[in-house]
Amino acid sequence: MRGIPEHLEEPLQLASQELKGMLHADAEDDVKLVHKGLMLYRQGLVGSLSVQGEIISAVVQDVTPANVLLDLDFFSMSECSCPADGFCRHQMAVFLQLLSRAHSVSEWVEEWRKPLKEMQDAKGWSLQKARDLLKTAGMMKPSYDRWIETFEVSFEELFYSKGIIKPYIIPEIYSIYIRRLRAGAPTEREWRLLYELIGSIYTFRKLADLSQRLEYEEAVIHRYYGHVFQSIMDDVFERMRTLSAQSFPFAFDDFIERMKDDSIEILKGDAPLEYERIHLYRILWTTFFTKKNWRQDERERLQKINTDHSFSLSAAAIHIDFLLRQDEDALRALSERDSSLTTYMLYWIETLNSQKDWKRAGLYLEVFISKLHDYLQQQPDYYTCRDFTRFAIKVISPFCTETGSMDLFERALEETLPYSYSEYEYLLFENKEYEKWGDLQAYIGFDMGILQNDRIKTLEKADPIVLLPLYHHGIQSDINMKNRDHYKAAVRKMKKLRTLYKKLKRMDDWSLYLDEILLKTKRLRAFQEECKRGKLIDA
């Protein structure tokens, strides 16, 4: 019987798309898996297919029968009784069997293979053009306008002549484009380096513009061709480093002036990859455009533009102020803006650390630390916050160590809690600030059961009072779980707590605490039994 329940149409479509993302037509193992699943399906070996909600069950009559459960809502959670790891041929066969009741299996397979075919087709694009460029390489006098025109013609022909480009095709087209670009380079080493530097900057900007035009989200860009942008930036840094290590010929002056004037184009518009575009601009002005009068001219140009409505241009203006040591203006702009610029401040602080300019670093750190809490509140998940916090602490540490400003370091740790817990806990314990350390545990809600024994032993000798609220919290947490194992754990903690009260000569407080907790738990018979077994109360 053909057709599937109406409620399965959307889950099946989503699962179909997810499967296309899981399996790649250019991966040999994935090709074999799809082929084997297709064979099992076409041989009619899928039987007993039934539907319960979004769960599909079936039996595949392979050499050994395999019981399959497909979860259309959480496709990666699907199961099979065969010993294969992950998605297997039996699950593939059941998926195709279900798909066949509503759609064409052949069309699905063709669509799955389509990206591979497109990539293979892309390899053949415009190879003759590349050979033509190779023939003329180094034969024409260097010209900035001619170079840009060459880059543009090549980029337009490869990236725009084929209509809408799928994101997974872009790396393949880029590899052809960059071979073309390098084939047309001048033969002299210095000119070739400059040519490739200008070409890389132009390509970065054009690829960002293309991504905007195609309306690809940053997650899609990072997944399919984010490495292309990183490769371009690596090329830019390497070419700049090599060129900066030598004296420029006078003939370079016009080219570098034009590069400088065009650099602001990296930031204009609403292209994605804002962080990467700002970073590239900053690196150019820090490493390559180093003349003071250039930077002053750039400052005037940015002041004439209303940067309030452009985050990228606002960050650029602050960077130029930073390079010109106009710290009062830069810090005022950073203070007045919301916390969105916080992550960009790490670059400036790192730069000042490398210069051992501790006075200026301290000014920027004060503003940075004041923004930390709000910045972390805006981040999407725990791991993003933890990674940022770890890097921020690494950047802050040199200044605090060199200047002895540990109060500033501690403030940073406080502002980044709970993500700085491990660093802050270590600092307080090493400094023997045990009361603060105990307050930190209470704030985090740390479980006594996983606290390191050496910490407990040290506190039992040095400041046992700190342990009392931690034991109280741990005992209550165990009781709240309301099962026998946790009741036993609570009793073990209570016996240790009794020992602490005895050591502190506060047995009256222990008696009051015990009476109170027994009264609150009088209906928890299993807990009362464990207290008797632990000899906390008389049997």
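**Notebook: charges, shape, cores, two helices**

I counted charges first: the protein has 75 positive and 85 negative side chains. I also looked up the centres of the two sets, which lie 4 Å apart. I note here that the model is predicted.

**Overall shape**

I went through the secondary structure and found 26 helices and four strands. I then checked the radius of gyration, which is 32 Å, whereas the globule rule gives 24 Å for 539 residues. The computed value is well over the rule, so I put the protein down as more spread out than a compact globule. For the extents, I have the C-alpha trace spanning about 100 × 80 × 35 Å along its principal axes.

I looked at the surface next. The accessible surface comes to about 28,900 Å², and carbon and sulfur atoms hold 49% of that. On the burial side, 47% of the 539 residues count as buried. I also asked how the contacts are spread along the chain: among those with a separation of 6 or more, 65% join residues 24 or more positions apart.

**Nonpolar cores**

I looked for the largest nonpolar core and found 140 residues in it. Which of its members touch the most others? They are F159 and F368. Helix α8, residues 189-213, gives the most to this core, namely 12 residues.

I listed the contacts of F159, leaving aside its neighbours within four places in sequence. The list has I165, I170, I173, Y174, Y177, L207 and L210. Apart from the largest core I noted another, of 33 residues, with L38, L99, V105 and V109 among them.

**R360 in helix α17**

I picked out R360, which I located in helix α17, residues 358-377. Is R360 buried or exposed? Its relative accessibility is 6%, so R360 counts as buried, the cut-off for buried being under 20%. I then looked up what R360 is in contact with, again without its neighbours within four places in sequence. I found F322, R325, D327 and L352.

**Helix α19**

I turned to helix α19, residues 406-415, and asked which of its residues are buried. I have L408, F409, E410, A412 and L413. I recall that an α-helix has 3.6 residues a turn, so residues three or four places apart point the same way. Last, I checked what covers the buried residues of α19. The cover includes α17, α18 (382-403), α20 (421-430) and α21 (434-444). Helix α17 therefore appears twice in these notes, as the place of R360 and as part of the cover of α19.

Technical notes: Residues are numbered from 1 along each chain as its sequence is written. This is a predicted model: local features need pLDDT of at least 70, side-chain atom pairs count only at pLDDT 80 or more; totals for chains, interfaces and linings use all residues. Side-chain values use heavy atoms; hydrogens and water are left out. A nonpolar core is a set of buried Ala, Val, Leu, Ile, Met, Phe, Trp, Tyr and Cys residues joined through side-chain atoms within 4.5 Å. Buried means under 20% relative accessible area, exposed over 50%, partly exposed in between (1.4 Å probe, protein chains only). Helices (H or I, at least four residues) and strands (E, at least two) are DSSP runs, numbered from the N terminus. Contact means heavy atoms within 4.5 Å. The radius of gyration is taken over C-alpha atoms; the globule rule is 2.2 Å times the number of residues to the power 0.38. Accessible areas come from the Shrake-Rupley method with a 1.4 Å probe; for residues, only the protein chains shown count as cover. Lys and Arg count as positive and Asp and Glu as negative; His and the chain ends are not counted. The place of a charge is taken as NZ of Lys, CZ of Arg, CG of Asp or CD of Glu.
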